[in-house]
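Below are my comments on the model you sent round. They are in numbered points, for reading beside the structure.

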Amino acid sequence: MHASENVRPVYLDPSQPIDKRVEDLLGRMTIEEKIGQLCQYSGFTSEYERMIIEGRIGSLLNVFGAKETNRIQKIAVEKTRLGIPLIFGLDVLHGYKTIFPIPLGLASTWDPDAVKKAASISAAEAAAEGIRWTFAPMVDIARDPRWGRIAEGAGEDPYLGSVMAKALVEGFQGDFSGLNVVACPKHYVAYGGAEGGRDYNTVDISERTLREVYLPPFKAAVEAGAGTVMSAFNDLNGIPASANPFTLRTILRGEWGFEGFVVSDWNAIGELINHGVAGDIFEAAEKALKAGVDMDMQGDVYRRALLQLVKDGRVSEDMINEAVRRILKIKFKIGLFEHPYVDVEYAKRIVKCKEHVEAALEIARKSIVLLKNDGAVLPLSKNIESIAVIGPLADDREAPLGPWSCLGDPRDIVTVLEGIKSRVSSETRILYAKGCDVDGLSTEGFKEAVEAAKKCKVAIVVVGESRDMSGEAACRAFLNLPGVQEELVKAVYETGVTTVEVLMNGRPLSIQWSADHIPAIVEAWFPGIQAGYAIADILFGNYNPGGKLPVTFPRTVGQVPIYYNHKNTGRPPSSDRWTSKYLDIPYTPLFPFGHGLSYTKFEYSELDISPREVTSPKDAIKIKLKVKNVGHLEGDEIVQLYINDPVASVTRPVKELKGFKRITLKPGEERIVEFTLTLEMLSFLNHEMKRVVEPGLFKVMVGSSSEDIRLTGTFTVKNLVEFP
Ligand code: BGC
């Protein structure tokens, strides 16, 4: 019997199981069309149009707008032999058009629900305009603030990083029905470990560090169902991440059972030649595909090399099929075949709608960290007589968007000056002076700034980095305030006026002078489109700050890398000279991981650990304590649980975060906070690289930051527990 022309092919029948549809489609594809699915290009040109028609492109990135995605999709669906839709990808990291705080700021909320909400709104806006795939979350652990991409991730801690990774993946993807985007945790893996904090640089770390520090957020993202993963630019212990079968096949697919597809970072396959592990594009393509990179982002290497490699027998068609299957599966899963186009009118209605903008304000407020507040300078009175608003970022419309702000529009930014104006009484006199540029050496504007400060009751100085000073290829050898900004802060301070410093930046800055002199310092990161309102709400107490640092602030760049979960060493630093420290700087950080103040005070009590003796591998340890708001204002506290395994077969960090909760308490209100520690959470890789919990004592530390530990206790594990 002949299949009738009118019978709908299996792959176009949504009632069929996805696997069956994939196989049916695969069976109809030529080798050229298969290779086409593995190729992704940026933008849209007439050349790409021709290639799409020939079935040689599976995905495009950096195509903007609902009309444009529809127009191009129509070519793929209607003008190609099999009508396979394209999947459009974009870097939607912390907003599509409604821009939220940068990921480092999102992590400062320590609030996975808020972060999930930011991701789901971003996804809804992107999907409404035809973008069904985001190159996010960026889940690279970053222990070196010189590395500009620290701004794009959740900071230095694997546990906080994992919680954020999960929240972001869930927020972006939802359940794949409706308006969401496929997540792509990146950059797999250890990209943040670049030597010297210099982008694209070599990474040489032990397998233990890889598994215990850099991999956990990726694992969390995969467990949360991330549909794709991006392989990184960097060389990892001699094998570039985009040609690394150990990380891509053994760990990602083998150990974690990842079923989605892997896309290379931008031309990372082509760069295998520069790395010196491939002599030409053929070797590069062969290595990348065999290692498990399914899609070539912008490198044009797979298109040029794979067909020849198949003809030469160096790559089997089966191996190509495997990659194509993974990609088609995602396209089916998100319903692209059924719904290749978007509703342009609907997109207009939801993008930057009121509800989204309100969420941007709420989440920006949550992300702001009060670093210092001596003498309760903050909050300021809304009826204050006069304020000098000073600094290069005080009325800046670019910086608050951050380095990777997708389609964020500077015209949507509420500047700090505008925010302050909106929050004070109509009687308050506001003087504004820029003072200087973010970068550059001119101090010409100082005079005006100093004059303004002298005429006012308080000076708010807004300083930091411009948006292009962090992010990709934006590493810094110095971590101080760029240009003459510190001199500006000093000049204002020296007028004697009460000075408040507001920071906007994409990384920890070494602001020792400010920390020593300025009574109140607010870390706002790059807060997104509602920046000015969010910051003003903090300054005037409409919102009580509750964010905490997801990363350590060094006193000087010379202390880097400095992170809270370090090892003890044989000579832990002390006042004794012959211990592990520098001669010319204290060994402590400027502000520790987990630090952040509030306008109220919280008291911790009644730590209860149960059981105190753990006998069965199935036991979970319950940790309870009471937190009370003993101040006069409602506020948020982020209760942090750390553990330490003081004696083990291998050295262990002095502290490891294992739980946290952000709670809101009214004045006088108290709450029991509970944590559950499973044995797996205590496990580590022993001297034989086996995952175990070794018998012995564990210390429990609960507090308000990694250095502000309020309650301590212990429990004992009785028997060795091994994990597969
Ligand atoms: C970056 C990735 C990004 C990609 C696509 C690369 O340069 O490293 O993080 O997803 O470009 O824009």
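**Notes on the cavities and strands**

1. The lining of the largest cavity is made up of ten nonpolar, three polar and two charged residues. This is a predicted model, and the points below should be read as such.

2. The space in that largest cavity comes to about 100 Å³. It has 15 lining residues, and those closest to its centre are M138, G153, A154, G161 and M164. Two elements, α5 (103-108) and α7 (158-173), each give two or more residues to this lining. The largest share is from α7, with four residues.

3. The search covered the whole structure and found two cavities of 30 Å³ or more. The second largest holds about 40 Å³ of space. Its lining consists of L93, P103, A136, P137, M138, E152 and L168. By class, six of these are nonpolar, none is polar and one is charged.

4. Turning to the strands, why can β13 be called largely enclosed by the rest of the structure? Buried here means under 20% relative accessible area. Seven of the seven residues of β13 (residues 458-464) are buried, so the strand is largely enclosed by the rest of the structure. V458, I460, V462 and G464 point one way from β13, while A459, V461 and V463 point the other way, and all are buried.

5. Which strands pair with β13? Strand β11 (residues 386-390) runs parallel to β13 and is joined to it by four bridges. Within this pairing, I460 of β13 has V389 opposite. Strand β14 (residues 498-504) also pairs with β13 in the parallel sense, over seven bridges. There, A459 has T499 of β14 as its bridge partner.

6. The link between β13 and β14 deserves a look in the viewer. Together with helix α19 (residues 485-493), β13 and β14 make a right-handed β-α-β unit.

7. A separate point concerns an open sheet of three strands, in the order β16-β18-β21, with antiparallel pairing. Its edge strands are β16 (602-610) and β21 (670-678), each of which pairs on one side only. From one strand to the next, the twist averages 20°.

8. Within the β16-β18-β21 sheet, how many bridges pair β16 with β18? The antiparallel pairing of β16 with strand β18 (residues 620-629) extends over seven bridges. One position to check by eye is S610, which stands opposite K622 in β18.

Definitions and conventions: Residues are numbered from 1 along each chain as its sequence is written. This is a predicted model: local features need pLDDT of at least 70, side-chain atom pairs count only at pLDDT 80 or more; totals for chains, interfaces and linings use all residues. Side-chain values use heavy atoms; hydrogens and water are left out. Buried means under 20% relative accessible area, exposed over 50%, partly exposed in between (1.4 Å probe, protein chains only). Two strands pair if DSSP finds at least two bridges between them. A crossover is right-handed if, with the strands pointing away from the viewer, the path from the first strand over the helix to the second runs clockwise. Axes are lines fitted to C-alpha atoms, for helices over the stretch in contact, and angles run from 0 to 180 degrees between N-to-C directions. On a 1 Å grid over the protein atoms alone, a cavity is a set of points where a 1.4 Å probe fits but cannot get out, and a pocket is an open set with protein on both sides within 12 Å along at least five of seven lines; lining residues have an atom within 4 Å of a point. Grid points are joined across faces, edges and corners, and a volume is the space filled by probe spheres set on the points. Ala, Val, Leu, Ile, Met, Phe, Trp, Tyr, Cys and Pro count as nonpolar, Asp, Glu, Lys and Arg as charged, and the others, Gly among them, as polar.
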